[in-house]
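Open the model in your viewer and keep the sequence panel beside it. The tour moves from stop to stop, with a selection to make at each.

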Amino acid sequence: MPDTDKERPEKIVLVLQGGGALGAYQAGAYEALCRSGQQPEWLAGISIGSINAALIAGNPPKRRLGALRRFWEAVTGAPWLLGHCFEGGPLADPMRAFCNESRATLSTMLGAPGFFRPRLPDLFSFLPGLMRQTNWYDTSPLRATLLELVDFAYLNEAGPRLSVCAVDVQTGNFTCFDSRETSITVDHIMASGALPPGFPAVEIDGRHYWDGGLVSNSPLQVVLDRPARRPLCIYQVDLYPSRDRLPRTMAQVEQREREIRFSSRTRFNTDEFRNRHALSRAARRLRQRLPEAFRDDPDLQMLIEAGPSQPVSLMHLIYRHADYESASKDYEFSRLSMLDHWRDGRRDAERSLRHPRWTGRQVPEDGLMVFDMNDPHRPEAAAD
């Protein structure tokens, strides 16, 4: 990678959505980006996106892919998640769906190694009004895994910028922890992925936090709201599509509801970005028409500064589920599904990076360009 801003005008940003077991798709996408020389200078994540982001930001470039592989091979390495039902070649969709559902059920019953394990219920768990338990799983294995695979000293002192998001349990406020502003610890990563009622809240400085996906499942707005000195090149890797076909079965209804609930609201964020940009440009034009005495009015300056400080190019990569997958796909931690998701992420990123609309793009002077070269609804998708 070039060393000077002149040779590398864009700042590369990687934005990672939450989505549990689907996070292997992000690891595959990162592999393609890494091999094309697109090392991020800033990572922002929520839930499993925070875990993947920490594995990348908390290791030197040559060790990042290895850390991702070790994590995903570990959490899908239990005997009950491997099995032998796939020997003999690919299975028909109904049989693959049955195997996936079986693995998802085993994950909920037995957990995923290096990630979470079931808690024994307390004596009052089954008596109405007397349950004192607030989570079903113990996440201490994840803490140990992160401490083994993430060098937090490197992350805070030499690694790329890292932003992870969580929700204050008592106030409901969406909170961003940024390595430019605070020292990121294992607790911040754990808090970002503490999805209730499965996982326990994580305490940080006397406050308790849950998974940031409860409020917003993508930290894109966090990136767009921060002032930038250079144009941004954002790779956003989402795990739930906001658009899909009309459900025809109850299982499809359940899956679609989950996708809508956890989709990233990218269109909302990009529309809001464009609106602020239009407001800022209008204020600049107005400033030129005002008498000299009014051009430095603080209210006018506030309107000018409401807009983005630098242009943005955004490549949108979205995991789109296979026909045999169901609403359980985000907690189905089988080795085969992990490898499928990783492969799909790598393939989609490689295809997008080679697409002529991306390779031939020009960095905009201002504003925002969005590219989704894998959208089945718009095969030739480019500017959104």
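A disulfide is a pair of cysteine sulfur atoms within 2.5 Å. The model on screen is predicted. With that cut-off, a search of the whole structure finds zero disulfides.

**Stop 1: the cysteines**

Select C165 and C176. Why is there no bond here? The sulfur of C165 has its closest cysteine sulfur in C176, and the separation is 4.2 Å, too far for a bond. Colour by accessibility next. C165 is buried, at 0% relative accessibility. Now jump to C233. C233 is buried too, with a relative accessible area of 1%.

**Stop 2: the annotated site**

Which residues does UniProt list under "active site"? The record, an unreviewed entry, gives S47 and D211. Show both as sticks. They are spread over 165 residues of sequence, yet they cluster in space, with a largest C-alpha distance of 6.0 Å. Turn on the pocket surface. Both S47 and D211 belong to the lining of the largest pocket.

Centre on S47. Where does S47 sit? Look in the loop between β2 (42-45) and α2 (48-57). Buried or exposed? S47 counts as buried, at 12% relative accessibility. Display its contacts, leaving aside neighbours within four places in sequence. S47 touches G18, S192, G193 and D211.

Move to D211. This residue lies in strand β8, which covers residues 207-211. Its relative accessibility is 3%, so D211 counts as buried. Repeat the contact display, again without neighbours within four places in sequence. D211 is in contact with I46, S47, A166 and V167, and also with A191, S192, G193, A194 and L195. Keep S192 and G193 highlighted: they appear in the contact list of S47 and in that of D211.

**Stop 3: the aromatic rings**

Select the aromatic side chains. How many aromatic pairs are there? The count comes to 13.

Begin with F71 and F115. Their rings form a tilted pair, 6.1 Å centre to centre, with 55° between the planes. F71 lies in helix α3 (residues 61-75), while F115 lies in the loop between α5 (93-110) and β3 (117-118), so the pair ties together parts that are 44 residues apart in sequence. F71 is buried, at 0% relative accessibility. F115 is buried as well, with a relative accessible area of 5%.

Stay on F115 and add F199. F115 and F199 form another aromatic pair, also tilted: 6.0 Å centre to centre and 45° between the planes. This pair links distant parts of the chain, 84 residues apart. F115 is in the loop between α5 and β3, and F199 is in the loop between α8 (186-192) and β7 (202-204). Like F115, F199 is buried.

Now widen the selection. Add W72, F116, Y137 and F333 to F71, F115 and F199: ring pairs link these residues into a cluster.

**Stop 4: charges over rings**

Select W42 and R161. The charged end of R161 sits over the W42 ring, 4.0 Å from the ring centre.

Finish at W358 and R361. R361 lies over the face of W358, at 3.9 Å from the centre of the ring.

Methods: Residues are numbered from 1 along each chain as its sequence is written. This is a predicted model: local features need pLDDT of at least 70, side-chain atom pairs count only at pLDDT 80 or more; totals for chains, interfaces and linings use all residues. Side-chain values use heavy atoms; hydrogens and water are left out. Buried means under 20% relative accessible area, exposed over 50%, partly exposed in between (1.4 Å probe, protein chains only). UniProt positions are given in the numbering used here, feature names are shortened, and annotations may be inferred rather than shown by experiment. On a 1 Å grid over the protein atoms alone, a cavity is a set of points where a 1.4 Å probe fits but cannot get out, and a pocket is an open set with protein on both sides within 12 Å along at least five of seven lines; lining residues have an atom within 4 Å of a point. Helices (H or I, at least four residues) and strands (E, at least two) are DSSP runs, numbered from the N terminus. Contact means heavy atoms within 4.5 Å. Rings of Phe, Tyr and Trp (its six-membered ring) pair if their centres lie within 6.5 Å; planes under 30 degrees apart count as stacked, over 60 as edge-to-face and the rest as tilted. A charge sits over a ring if NZ of Lys or CZ of Arg is within 6 Å of the ring centre and within 35 degrees of the ring normal.
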